[in-house]
Amino acid sequence: MRIDVLTLFPEVFEVFLASSIVGRARAAGCVSTQLTNFRDFARDRHRSVDDRPFGGGPGMVLTCGPVFDALEHVEAQDSGPLTRVLLTPQGRKLTQAMVADLAREPRLVLICGHYEGFDERIRSGIDAREISIGDYVLSGGEPAAMVLIDAVVRLLPGALGDEASAANDSFSAGLLEYPQYTRPREFRGMTVPEVLLSGDHAKVALWRKEQALKRTLQRRPDLIHAGEA
Ligand code: ADE
């Protein structure tokens, strides 16, 4: 997979893209990433990318020119199919099912809005999926793009050391994950459930299934009923 990120703050992605699962997936060749700064496509000598809103009001609005030019520039680098994603609090709320869909695409082009907003013609003139990561307002789409990249990349074949671990994740089976323990067997008086030390794989599997169900019922009953309606 190839992921292009269009942003006014490419530097905030650098440590993120080099670390943890995403860093390892890039090193292993599961995914390549490219950062592009809208500001490199500004048309005036001040390199401005925003302007005052028509009709008045507070704040500045991201202008069309640099965004369309940056998009056309990165898209021309590869003629294959691509999926554009505009990160915005007005988009569809991201779910694990949407993440799994995006993980099957060969190329994602992520567009991060910033400042108080962007010119409506960026939304209407670009054929993009609009995605929100939740009902709160961030200062820009960058943290949302990182959330999306992390969730997508961990599903790419070869990205995780152990292929089974993505399948066990919370939400992948529609349930929260069961509790996990490692050594020591006792820590500050807190012990590990006996069944996990029993060596009985069938019993362990049953216990984990029960725990996942119990947790989900307690904490997120909405997930159990999500498929009904
Ligand atoms: N940009 C600002 N807030 C956002 C959100 N909640 N999701 C995606 N992009 C955003």
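R188 sits in the loop that joins strand 8 to strand 9 (190-191). Its backbone is worth a look in this predicted model: phi is positive, at about 45°, although R188 is not a glycine. Most residues other than glycine have a negative phi. R188 counts as exposed because its relative accessible area is 76%, and the cut-off for that class is over 50%.

A second arginine tells a similar kind of story. R47 is found in the loop between strand 2 and strand 3 (50-51), and its phi, near 55°, is again positive in a residue other than glycine. What about its surroundings: is R47 buried, partly exposed or exposed? With a relative accessibility of 38%, R47 is partly exposed, since that class covers the values between 20% and 50%.

Back to the stretch leading into strand 8, where there is another backbone feature to inspect. P184 belongs to the loop running from helix 7 (164-168) to strand 8 (186-187). The peptide bond from R183 to P184 is cis, and its omega is near 5°. As a rule, most peptide bonds are trans.

Helix 7 itself holds A166. That alanine is buried, because its relative accessibility of 15% falls under the 20% limit. Try drawing a line from A166 to P193: the two are 27 residues apart in sequence, and their C-alpha atoms are 24 Å apart in space.

Now zoom out. The chain is split into domain 1, residues 2-153, and domain 2, residues 171-228. How far apart are the C-alpha centres of domain 1 and domain 2? They are separated by 37 Å.

Next comes helix 3, which covers residues 64-75. Does its length add up? Its 12 residues, at 1.5 Å a residue, should span 16 Å, and the end C-alpha atoms are indeed 16 Å apart, so the expected and modelled spans agree. The buried residues here are C64, G65, P66, V67, A70, L71, V74 and E75. Some of the spacing in that list can be read with a simple rule in mind: an α-helix has 3.6 residues a turn, so residues three or four places apart point the same way.

What do these buried residues pack against? Their partners include five strands and a helix: strand 1 (2-7), strand 2 (32-37), strand 4 (61-62), strand 5 (83-93), strand 6 (107-112) and helix 5 (120-125).

E75 makes a good close-up. This glutamate lies in helix 3 and is buried because its relative accessible area is 17%, with the limit set at under 20%. Leaving aside residues up to four places away in sequence, E75 touches L82, R84, R107 and V109.

Strand 5 turns up again at the largest pocket. That pocket has a volume of about 330 Å³. It is lined by 22 residues, and L87, T88, P89, F118 and L138 are the closest to its centre. Strand 5 and strand 7 (129-132) each contribute at least two lining residues, and strand 5 gives the most, with 4. By class, how does the lining divide? There are 10 nonpolar, 10 polar and 2 charged residues.

Key:
Residues numbered from 1 in each chain as written. Predicted model: local features only at pLDDT ≥ 70, side-chain atom pairs only at ≥ 80, totals over all residues. Heavy atoms only, no water. Expected span 1.5 Å × (residues − 1). Buried < 20%, exposed > 50% of the residue type's maximum accessible area, 1.4 Å probe, protein only. Contact = heavy atoms within 4.5 Å. 1 Å grid on protein atoms, 1.4 Å probe; cavity = no way out; pocket = protein on both sides within 12 Å on 5 of 7 lines; lining within 4 Å. Points joined across faces, edges and corners; volume = space filled by probe spheres on them. Nonpolar A, V, L, I, M, F, W, Y, C, P; charged D, E, K, R; others polar. Domains from an automatic or database assignment.
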